[in-house]
Amino acid sequence: MTETLPSFEDTTDFDNADRGFLGSLAPGVVRADDGRVIWDNDAYAFLNADCPNTAHPSLWRQGQLASRQGLYEVTEGIYQVRGLDLSNMTLVEGEHGVIVIDPLISVETAAAALALYKEHRGDRPVTGVIYTHSHGDHFGGVRGVLPHGTEDGIPILAPAGFLEHAVSENVYAGNAMGRRASYMYGVGLPTAPDGQIGVGLGQATSTGTISLIPPTVDITETGQEETVDGVRIVFQLTPGTEAPAEMNFLFPDHRALCLAENATHNMHNVLTLRGAVVRDSRIWAHYLDEAIEYFHGKYDVAFASHHWPTWGHDDVVAFLEEQRDLYAYMHDQTLRLLNEGYTGTEIAERIELPPALRKAWHARGYYGSLSHNTKAIYQRYLGWYDGNPAHLWEHPPTQLAQRYVEAVGGPADALAKARAYAEDGDLRFAATLLNHLVFADPDNQEAKDTLAGVYQRLGYGAENATWRNFYLRGAQELRQGVTGEVVDLANPEMVMALTVPMLLDSIAIAIDGPRAWDDELVIDLVLTDGPTAAGARYRLTLHNGALTHREATAPPRAPAGLTLILGKAQLLGLLAGKGVDDLGIGTEGDPTLITRLLAHRSKPDRNFPIITP
């Protein structure tokens, strides 16, 4: 199909992105205490030029908008710092200080954002914090606005379920997500016209210190009203939309509506390329529709956790209607085609947005894409299998690749055919054939270099920023090899926020099953601290290579081989490799059992291969 782009002559987004500008951080660089640069927005100055042939013009335009940096007035009493991290920090002035909404990813960028606000608005203390949802770019920098020892008595508001979802995402599949996230965000790529030019939702992720202060006020229902530092706030819960725990909210006295990350100036992800639980685009559309009606007539401006605000009640309604229709259309048309027998990949090739949505810049696939979102919706309902018996028991990648290469006549013929497809402009099949060749013969540098060139061309032509980053990151690794750039998301406050069952799950996930097949043991943990955990007993059972656990609510029928009497910090110490005696843990039974159990843990490679076997 012919690509349809909105009018580049429309400057509304640029006008809105610049509106209310008060000043910027100069230079736009944030450093850690050790001098390491953890954020550099000035590196995107090249976006001020015309789009080169190494980038999609629409994505270049999005980068120009998203790279604007500084403090902006949204409306009287509400301000945003944009361009100092992937997300925005919003600040609402109260009677005695300022309420911070979404304190960015890193402590250092959050502190810099607050300092920029104070430079222009005065030295107000932080009198409240709101987390719009459970993703790390909306809470990780909280210690930059509430340093240790300053949080007492400060209300921290979040949607119900926030804490569980905020920490669990980084535990169960965190290693794999972290590796893939380095591709998604273009970590290690040069910030340049032929490299990383943003991620669509913002420019990049900061790489500083991540923190977490647990919420003190849960928002449990739509219509709940809270007053923080004299500021009235009315909430709408939107669980299962862009995040498992998320909420929109209205400042009625400011006539301003916060849309969290439920409506931003791009098509969002139904399933992120880094991996996550598939989101529900049906319920996403439902809650946007509910917001249109629930808050109707009560605001003059809407702002979100990314990008720039939208002013004018009618313009906000039109924006929300199109965002609602975007997610509803993707959902319903995927289900229609699914029920006609089409597979996810077939649906992704057939589906086309309505003309009105194709003409809306905020519906463009800069972060999510129509292609991978429809496949995600298919996955949500039918899973990985498309019903074709040939796909039920295929060989794994290396063995499959060896057979493909043999079938086309060997490595030399495979390389020649791939180059011919690339020269004819069929980059997609050239990449498929070359990928088989690389997996069949990982030492074939000529094949790697050729595939890298194909990936580079695909990246330069991608409107979706995360596709671009995946392609260019893949090209980089084919040429240079894997580099150690995966960010470790663990930090003491994040780990301490894990519940005991979550910590036990983290042990179970790490057990090397075959290594533990022939071992059997039972360990009880008796907790000595925590608001609800003190006195709780958890029974761990290793049997047939599987570690299961349950809370023992009644006296056990049989004694454990070992009982550990410990606090949560001591449990974390055990998991970190410290000994029972070193931690002063009380024991009953055989203390070697815990050593035996933990010896069965495996440690995954944080830089496991993706594009080579």
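This passage describes a sheet, two nonpolar cores, a helix and several single residues in a predicted model.

The account begins with an open sheet of 6 strands, in which the strands follow the order β11-β12-β13-β14-β15-β16 and the pairing is mixed. At its edges lie β11 (225–228) and β16 (310–311), each of which pairs on one side only. Within this sheet, strand β13 (residues 247–251) is joined to strand β14 (residues 256–258) by 3 bridges, and the two strands run antiparallel. The pairing of β12 with β13 is likewise antiparallel, and 4 bridges join these two strands.

Individual residue pairs show how the three strands are aligned. Leucine 250 in β13 stands opposite valine 234, and leucine 250 also stands opposite leucine 257 in β14. Phenylalanine 251, for its part, stands opposite alanine 256 in β14. The connection between β13 and β14 is a hairpin with 4 residues between the strands, and in its turn arginine 255 has a positive phi of about 50°.

The surroundings of β13 were examined next. Of the 5 residues in β13, 5 are buried, and the strand is thus described as mostly covered. In a regular strand the side chains alternate between the two faces of the sheet. In β13, Met247, Phe249 and Phe251 are on one side, whereas Asn248 and Leu250 are on the other, and all of these residues are buried, with both faces of the strand covered. Helix α6 (residues 281–294) lies across β12 (231–237) and β13, and this helix runs at about 140° to β12.

Beyond the sheet, the nonpolar residues were considered as connected groups. The largest nonpolar core has 88 residues, and those with the most contacts inside this core are Tyr131, Val145, Ile523, Leu525, Leu564, Ile594 and Leu597. Helix α3 (residues 107–121) supplies the largest share of this core, namely 6 residues. A second core, separate from the largest one, has 37 residues, including Val278, Ile292, Ala302 and Ile377. The contacts of leucine 597, when residues up to four places away in sequence are not counted, are with Ile511, Leu521, Ile523, Leu540, Leu542 and Leu547.

Two cysteines illustrate contrasting degrees of exposure. Cysteine 258 has a relative accessible area of 1% and is buried, because this value falls under 20%. Cysteine 51, in contrast, has a relative accessible area of 30% and is therefore partly exposed, as this value lies between the limits of 20% and 50%. With a cut-off of 2.5 Å between cysteine sulfur atoms, the count of disulfides comes to 0.

Helix α7 (residues 313–339) has 27 residues, and the distance from its first C-alpha to its last is 39 Å, close to the 39 Å expected at 1.5 Å a residue. After α7 comes glycine 341, whose phi is positive, near 100°.

The final residue considered is tryptophan 517, which lies in the loop between α18 (513–516) and β17 (521–527). Tryptophan 517 has a relative accessible area of 54% and is classed as exposed because this value is over 50%. When residues up to four places away in sequence are not counted, tryptophan 517 touches Asn544 and Gly545. Tryptophan 517 and phenylalanine 251 are 266 residues apart in sequence, and their C-alpha atoms are 57 Å apart in space.

Technical notes: Residues are numbered from 1 along each chain as its sequence is written. This is a predicted model: local features need pLDDT of at least 70, side-chain atom pairs count only at pLDDT 80 or more; totals for chains, interfaces and linings use all residues. Side-chain values use heavy atoms; hydrogens and water are left out. Two strands pair if DSSP finds at least two bridges between them. Contact means heavy atoms within 4.5 Å. Axes are lines fitted to C-alpha atoms, for helices over the stretch in contact, and angles run from 0 to 180 degrees between N-to-C directions. Buried means under 20% relative accessible area, exposed over 50%, partly exposed in between (1.4 Å probe, protein chains only). A nonpolar core is a set of buried Ala, Val, Leu, Ile, Met, Phe, Trp, Tyr and Cys residues joined through side-chain atoms within 4.5 Å. The expected span of a helix is 1.5 Å times one less than its number of residues.
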